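The following exercises are to be solved from the sequence and the coordinates shown below. Each task is followed by a worked solution.

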Amino acid sequence: MEMMFRDLVITDADFQRLVTFIHKNYGIDLSKKRQLITSRLSHSLKAKGYPDFKSFLEHLFTSKDPEDLELVLNKLTTNYTYFLREKEHFTFLQNTVLPELEKRHQRDKVLSIWSAGCSSGEEPYTLSIYLKEYFGTQANQWDTRILATDISQQAMAKAKAAVYQPPADMPAEWLRRYFVKNKTGQDSYTVAPVIRNNVIFRTFNLMDPIHFKLKFDVIFCRNVMIYFDQSTRDALIQRFYDAMTPNAYLFISHSESLGQTPLFRMVAPAVYRKSGAPIRS
Ligand SMILES: C[S@@+](CC[C@H](N)C(=O)[O-])C[C@H]1O[C@@H](n2cnc3c(N)ncnc32)[C@H](O)[C@@H]1O
């Protein structure tokens, strides 16, 4: 007989505490996601022996146990992603952005590209494939390493393992050149070293100050800011601005908007360029 699994109880006060904690530390707004919180966490909390959310949260907030923090992040972040997502972006990158950057970096031959909120890796690997396709035989003369970051350890682990079932719209030629078929499963492939080695994965919280070595020519931050409220978004947009080279490109998702900001101007759907001088209030 199948057992009915009931979600654990969360009181209004505990729900608020958890929502405030997540918002303050990770920017994610879960104030309307009570059902999501209980359904995604209940099973794991029960398995760990907690009878309700209260006892778990008391432990989490007093101990700040990294394992529990990780569990909460893994369960409460939405990691949905896929290869070639919003393909027009990659076409724009190939036809407009890369030719321009190739000219601009003719001397140093270093491009700096960041996939911020990369989830399980499909976005940075898609970027890596486009870069390889674009530079072709010249690729080894260029440093085009992509920085790929996310807050979810679980997503990062999947990204680093690089094992996927590539989608049907992945060009057959790319599948042949850039993926290695695994013996274990019919549709299981591992991203080939030539594409993998061009992506550097780091765990990074987008709420933190950005202190990477290079300023970025291109930032992809797609389907991440939708989980943030406007003030968190605005603060991140300012940090992106400060971390970018002049005229750099920022890609967000087609379902998002930067809103009214003097910092960037739209140049194509969901593609922005850094504006001239920084304006701070
Ligand atoms: C829906 S996925 C987007 C993946 C990919 N960019 C795409 O468009 O397909 C959103 C990702 O943002 C990450 N994320 C959410 N809040 C974050 C934060 N504060 N810092 C870093 N990453 C965060 C989540 O862990 C999740 O993997």
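Helices (H or I, at least four residues) and strands (E, at least two) are DSSP runs, numbered from the N terminus. The model is a predicted one.

**Exercise 1. Locate Ala270 relative to the strands, and decide whether Ala270 is buried or exposed.**

Solution.
- Step 1: Ala270 is placed in the loop between β9 (264-268) and β10 (271-274).
- Step 2: The cut-off for a buried residue is a relative accessible area under 20%.
- Step 3: Ala270 has a relative accessible area of 7%, and therefore it is buried.
- Step 4: Leaving out residues up to four places away in sequence, Ala270 touches His89, Leu250, Phe251, Ile252, Ser253 and His254.
- Step 5: For Leu250, the separation from Ala270 is 20 residues in sequence and 8.3 Å in space, C-alpha to C-alpha.

**Exercise 2. Describe the setting of Ser120 and identify which side chain makes a polar contact with the side chain of Ser120.**

Solution.
- Step 1: Ser120 belongs to the loop between β1 (113-116) and α6 (122-135).
- Step 2: The relative accessibility of Ser120 is 7%, so this residue counts as buried.
- Step 3: The polar partner is the side chain of Glu122, at 2.8 Å.
- Step 4: Once neighbours within four places in sequence are set aside, the contacts of Ser120 are Asn79, Thr81, Ala155, Lys158, Ala159 and Tyr164.

**Exercise 3. Determine which strand holds Thr149 and list the residues that Thr149 touches.**

Solution.
- Step 1: Thr149 is part of strand β2 (residues 146-150).
- Step 2: Thr149 has 0% relative accessibility and therefore counts as buried.
- Step 3: Not counting residues up to four places away in sequence, Thr149 touches Trp114, Ser115, Ala116, Gly117, Cys118, Met156, Arg202, Phe204 and Phe212.

**Exercise 4. Assess whether the radius of gyration agrees or disagrees with that of a compact globule, and characterise the whole protein.**

Solution.
- Step 1: The protein contains 10 helices and 10 strands.
- Step 2: For 281 residues, a compact globule would have a radius of gyration near 19 Å; the protein has 21 Å, which agrees.
- Step 3: The C-alpha trace spans about 60 × 60 × 30 Å along its principal axes.
- Step 4: Of the 281 residues, 51% count as buried.
- Step 5: Among contacts with a separation of 6 or more, 72% join residues 24 or more positions apart.
- Step 6: About 14600 Å² is exposed, with carbon and sulfur atoms supplying 53% of it.
- Step 7: The 37 positive and 30 negative charges have mean positions 4 Å apart.

Terms used
Residues numbered from 1 in each chain as written. Predicted model: local features only at pLDDT ≥ 70, side-chain atom pairs only at ≥ 80, totals over all residues. Heavy atoms only, no water. Buried < 20%, exposed > 50% of the residue type's maximum accessible area, 1.4 Å probe, protein only. Polar contact = N/O pair within 3.5 Å; in protein donor to acceptor, adjacent residues only side chain to side chain. Contact = heavy atoms within 4.5 Å. Rg over C-alpha atoms; globule rule 2.2 N^0.38 Å. Areas by Shrake-Rupley, 256 points an atom, 1.4 Å probe, with all protein chains shown as cover. Lys, Arg positive; Asp, Glu negative; His and termini not counted. Charge placed at Lys NZ, Arg CZ, Asp CG, Glu CD.
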